[in-house]
Amino acid sequence: SSNATRLEFMTGASEAATTKMKLSSGGDLTVTAGDIIMGTSGKGIDFSATADGGTPHLGEELFDDYEEGTWTPTLWDATTGGNEAGLEYSYGVYTKVGRLCRISSSYKINDETGVTAGNSIRIRDLPFPPQNTTGNDHGGEGTHRNAASNFTEVRPWIARDNGAIVSLVCNAAASTTGWVGFTFTNADTDFSQSFSITYVTT
């Protein structure tokens, strides 16, 4: 036909069938009821036909994931093994869009018994590990209370080759060394922090 047409998909259970999806003559697909469900992991919407701003990797123009959830941060004195600090509270939320993950957390230390005081604080149990690719290191922002008085900033940092861990780095007033690891010695037993950071996952 030379006239504009469209294809409609109608379904019904015990009720009369109603339109659930429309495909226009121009190729536009409209879902009027229900969700689009990817039945196979790794499948999604392919944007490879669009212009590239850089050099995409194989398969990295496929939007194949979206997720929201919660996670529970834990604080340790080592990357693996080590000793865990006691927390009065610990909360975390995340949103993952494709391979980009945004996490936020709030926690408060109430027991440092057994931790190695001079070791840098490591926050473990991120919802997803970072991708180990050159350039994939990320800094975030945060607020804190009850750190040693000479520390003006305490920020989260995710290193690409350090696993699913947030390290804390700090900038001491009048420091000549710049950003350094934030240790349990630098944190009072009632140290608290809220932070957010965005990073690229595997």
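In the predicted model, Glu88 and Lys108 form a salt bridge in which the closest N and O atoms are 3.7 Å apart. This pair joins distant parts of the chain, with Glu88 in strand β8 and Lys108 in strand β9 (residues 100-111), 20 residues apart. Glu88 has a relative accessibility of 48% and therefore counts as partly exposed. Lys108 is also partly exposed, because its relative accessible area is 22%, and the buried class is reserved for values under 20%.

The count of salt bridges comes to five. Side chains of opposite charge can pair when their charged atoms come close. Another of these bridges links Asp65 with Lys96, and here the closest N and O atoms are 2.7 Å apart. Asp65 is placed in the loop between β5 (62-63) and β6 (66-70), whereas Lys96 belongs to strand β8, so the bridge ties together parts of the chain that are 31 residues apart in sequence. The two partners fall into separate accessibility classes: Asp65 is partly exposed, with a relative accessible area of 23%, while Lys96 is buried, with a relative accessible area of 6%. A further salt bridge is found between Arg6 and Glu8, whose closest N and O atoms are 2.6 Å apart. Arg6 reaches 54% relative accessibility and so counts as exposed. Glu8, at 28% relative accessibility, counts as partly exposed.

Strand β8 (residues 86-97) also contributes to the aromatic contacts. The number of aromatic pairs comes to four. In one of them, the ring centres of Tyr94 and Phe128 are 5.6 Å apart and the ring planes stand at 85°, so the pair is classed as edge-to-face. Tyr94 lies in strand β8 and Phe128 in the loop between β10 (122-124) and β11 (138-139); the two residues are 34 residues apart, and the pair links distant parts of the chain. Both rings belong to buried residues: the relative accessible area of Tyr94 is 10%, and Phe128 has a relative accessibility of 18%. A second pair, Phe182 with Phe191, is tilted, with 5.2 Å from centre to centre and 40° between the planes. Phe182 and Phe191 are both buried. Together with Tyr107, these two phenylalanines make up one aromatic cluster.

Tyr89 is another residue of strand β8. Its relative accessible area is 28%, so Tyr89 is partly exposed. The C-alpha atoms of Tyr89 and Ser192 are separated by 9.3 Å, although the two residues are 103 residues apart along the chain.

Towards the start of the chain numbering, the arrangement of strands was examined. Strands of a sheet pair through backbone hydrogen bonds, either parallel or antiparallel. In this model, three strands form an open sheet in the order β1-β2-β3, and their pairing is antiparallel. Strands β1 (6-11) and β3 (29-31) are the edge strands, each of which pairs on one side only. On average, neighbouring strands of the sheet are turned by 20° against each other when direction is ignored. The antiparallel pairing of β2 (residues 18-24) with β3 extends over three bridges. Lys22 stands opposite Thr30, a residue of β3.

A nonpolar patch on the surface is formed by Leu7, Phe9, Leu23, Leu29, Val31, Ile36, Met38, Ile45, Phe47, Phe63, Tyr66 and Val97. Together, the residues of this patch have about 1,100 Å² of accessible area. Strands β1 and β3 each supply at least two of the patch residues, and these are the edge strands of the three-stranded sheet. One member of the patch, Ile45, lies in strand β4 (residues 45-46). Ile45 has a relative accessible area of 42% and is therefore partly exposed. This value is consistent with its place in the patch, because patch residues need over 30% relative accessible area.

Notes
Residues are numbered from 1 along each chain as its sequence is written. This is a predicted model: local features need pLDDT of at least 70, side-chain atom pairs count only at pLDDT 80 or more; totals for chains, interfaces and linings use all residues. Side-chain values use heavy atoms; hydrogens and water are left out. Two strands pair if DSSP finds at least two bridges between them. Helices (H or I, at least four residues) and strands (E, at least two) are DSSP runs, numbered from the N terminus. Axes are lines fitted to C-alpha atoms, for helices over the stretch in contact, and angles run from 0 to 180 degrees between N-to-C directions. Patches are made of residues with over 30% relative accessible area and no salt bridge: like charges are joined within 9 Å, nonpolar side chains (Val, Leu, Ile, Met, Phe, Trp, Tyr) within 5 Å. Accessible areas come from the Shrake-Rupley method with a 1.4 Å probe; for residues, only the protein chains shown count as cover. A salt bridge is a side-chain nitrogen of Lys or Arg within 4 Å of a carboxyl oxygen of Asp or Glu. Buried means under 20% relative accessible area, exposed over 50%, partly exposed in between (1.4 Å probe, protein chains only). Rings of Phe, Tyr and Trp (its six-membered ring) pair if their centres lie within 6.5 Å; planes under 30 degrees apart count as stacked, over 60 as edge-to-face and the rest as tilted.
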